[in-house]
Amino acid sequence: MAETWNSAVRQKSRELHGDTWHVEFDDSITPDNTAPGWFHYISGSFAGFTCSLCKRYWASKRVQVIFHFSLNSASSLGTIKVRLFKQECKSCDEAHMEDPNFPAENIDVLVERLVGKIRMRCYKEDLGSSNRASKFYDKIEGPHESSHCEACRIGICSQGK
Ligand SMILES: [Zn+2]
Ligand SMILES: [Zn+2]
């Protein structure tokens with residue numbers, strides 16, 4: 001899973017000034033706990049989930065993603081921490097929080113938008129309004145199960161009411 005994100009970031013290497021940026025997952029990051037020298041960006045898109053107990057599949061129109069990113073300019077190494085918000089099956093009593101599966105094309109769009117933020121924050125580029133990113137692939141409408149959504153529980157879900 002991290003490999004999909006890393007390869008999407010590698011494809012943006014030229015926009016990232018040839019520096020090496022590395023993606024790692026970190027379930028401890030929140031919008032509020034950005035470390036000194038780090039920046040954050042919150043986004044999200046359509047993703048699917050599969051219950052590891054009953055194998056039920058469901059989809060969610062917008063699954064939150066938090067990024068924390070930092071560039072060490074001395075070594076030309078950048079780090080991107082990613083937290084994907086989980087959901088649990090509404091049919092299983094002992095349901096586990098499951099990781100979302102983002103379509104590859106949405107990972108590309110999330111990374112494209114993130115790279116825009118990195119260029120502005122870490123490379124001080126002025127991208128103006130020309131930086132209009134691609135649209136997400138998004139195929140569902142439907143109720144959102146807030147009580148089974150991790151992002152809703154910490155109050156940052158864009159679907160939860
Ligand atoms: Zn289930
Ligand atoms: Zn939610």
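User: Two strands pair if DSSP finds at least two bridges between them. Which residue in strand 4 stands opposite F69?

Analyst: This is a predicted model, in which local features need pLDDT of at least 70 and side-chain atom pairs count only at pLDDT 80 or more, while totals for chains, interfaces and linings use all residues. Residues are numbered from 1 along each chain as its sequence is written, with chains lettered from A and ligands numbered from 1 in the order written. Strand 3 (residues 57–72) and strand 4 (residues 77–84) pair in the antiparallel sense over eight bridges; strands (E, at least two residues) and helices (H or I, at least four) are DSSP runs numbered from the N terminus. Opposite F69 in strand 4 stands I80.

User: What is the order of the strands in the open sheet?

Analyst: The open sheet has four strands with mixed pairing. Strand 1 (20–25) and strand 2 (39–50) each pair on one side only, which makes them the edge strands. The order is 1-4-3-2.

User: Which strands does helix 2 touch where it packs on the sheet?

Analyst: The direction of helix 2 makes about 175 degrees with that of strand 2 (0 to 180 degrees, between N-to-C directions of axes fitted to C-alpha atoms, for helices over the stretch in contact). Touching requires C-beta atoms, placed from the backbone, within 7 Å. Helix 2 touches strand 2 and strand 3.

User: At what angle do helix 1 and helix 2 pack?

Analyst: T4, W5, A8 and V9 in helix 1 meet A104, I107, D108 and V111 in helix 2. The axes of helix 1 (residues 2–10) and helix 2 (residues 104–121) lie 9 Å apart. The packing angle is about 50 degrees.

Note on methods. Two residues are in contact if their C-beta atoms, placed from the backbone, lie within 7 Å.
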